[in-house]
Amino acid sequence: MPSILAVNNDVPVKTFQELVALAKAQPGKLSYATPGVGTPQHIGGELLKSLAGIDIIHVPYRGALFADVIGGRVPMTFQNMGAILPTVREGKLRGLAVTSLKRSPNIPELPSVAESGYPSFEATSWFALLAPTGTPAPIVSKLHREISKIAAQPDTREKFAQLGLDTVGGSPEELATIIKSDIVKWTKVIKDAGIRADE
């Protein structure tokens, strides 16, 4: 599930690149709302700050609340697609980019941050089915086959899309690689940003 970077409709930018330019022209003046400290959206914002060289202020909320962005008290937000997609589609906020590497089929008109000048940027939440360590390989293989069939069904894909989920598949080995690489990637971002659990 990617997140969407969206701004209040009165913010004078129409594209992600214009937002970065505004942030660079006004260091420390722009803030971004997220569902809380340590959420994928918060950490994604910190990654963006690092890659784009911008100084924006994190405003943590408890959960996917963006009424303050609609009301103009906070100019922008990172929110997971499932929570914010209807608000962007209704025009209550202006979506500028998605945080997946590629455009989301759920809102293909929005470019990704990666295609907007930061090719290494990716900040998504993912969901996977896991089995206990030591589960016999034939059982893992059978579960993988059956779950892949279910996930490929049009009605399943449609239900996931309604939740803001982009359905992807892969092998158990590919999932293990993603988990290992995400631990390394996000540990560095968290340490570099000084994010602590007690914030």
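In this predicted model, the side chains of Lys92 and Glu90 meet in a salt bridge, with N and O 3.2 Å apart. The two partners fall into separate exposure classes: Lys92 counts as partly exposed because its relative accessibility is 45%, whereas Glu90, at 52%, counts as exposed. Side chains of opposite charge can pair when their charged atoms come close. The count for the model comes to six salt bridges, and two further examples are worth a look here.

One of them joins Glu115 to Arg103, the closest N and O atoms being 2.9 Å apart. Both residues sit in the loop between β5 and α5, so the pair ties together parts that are twelve residues apart in sequence. Glu115 is partly exposed, with a relative accessible area of 42%, and Arg103 is likewise partly exposed, at 39%. The other example links the side chains of Asp68 and Arg73, again with an N to O distance of 2.9 Å. Here Asp68 is partly exposed, its relative accessible area being 23%, while Arg73 is exposed at 58%.

Attention now turns from charged pairs to the nonpolar interior. The largest nonpolar core holds 28 residues, and the members that touch the most others are Phe16, Leu19, Leu48 and Met76. Several elements contribute at least two residues each to this core: the strands β1 (3-7), β4 (76-80) and β5 (94-98), together with the helices α1 (16-25), α2 (40-52) and α7 (172-193). Helix α1 gives the most, with five residues. Apart from this core lies another, made of 17 residues, including Ile4, Ala33, Val69 and Val74.

Phe16 offers a good way into the largest core, being one of the residues that touch the most other members. When residues up to four places away in sequence are left aside, Phe16 touches Leu5, Leu48, Leu96, Ala97, Val113, Ser116 and Tyr118. Leu48, in this list of contacts, is itself among the four members that touch the most others in the core.

Nonpolar side chains also appear at the surface. Leu129, Ile139, Leu143 and Ile147 make a nonpolar surface patch of about 370 Å². Of these residues, Ile139 lies in helix α5, which spans residues 137-152. Ile139 counts as partly exposed because its relative accessibility is 44%, a value between the 20% limit for buried residues and the 50% limit for exposed ones.

Definitions and conventions
Residues are numbered from 1 along each chain as its sequence is written. This is a predicted model: local features need pLDDT of at least 70, side-chain atom pairs count only at pLDDT 80 or more; totals for chains, interfaces and linings use all residues. Side-chain values use heavy atoms; hydrogens and water are left out. A nonpolar core is a set of buried Ala, Val, Leu, Ile, Met, Phe, Trp, Tyr and Cys residues joined through side-chain atoms within 4.5 Å. Buried means under 20% relative accessible area, exposed over 50%, partly exposed in between (1.4 Å probe, protein chains only). Helices (H or I, at least four residues) and strands (E, at least two) are DSSP runs, numbered from the N terminus. Contact means heavy atoms within 4.5 Å. Patches are made of residues with over 30% relative accessible area and no salt bridge: like charges are joined within 9 Å, nonpolar side chains (Val, Leu, Ile, Met, Phe, Trp, Tyr) within 5 Å. Accessible areas come from the Shrake-Rupley method with a 1.4 Å probe; for residues, only the protein chains shown count as cover. A salt bridge is a side-chain nitrogen of Lys or Arg within 4 Å of a carboxyl oxygen of Asp or Glu.
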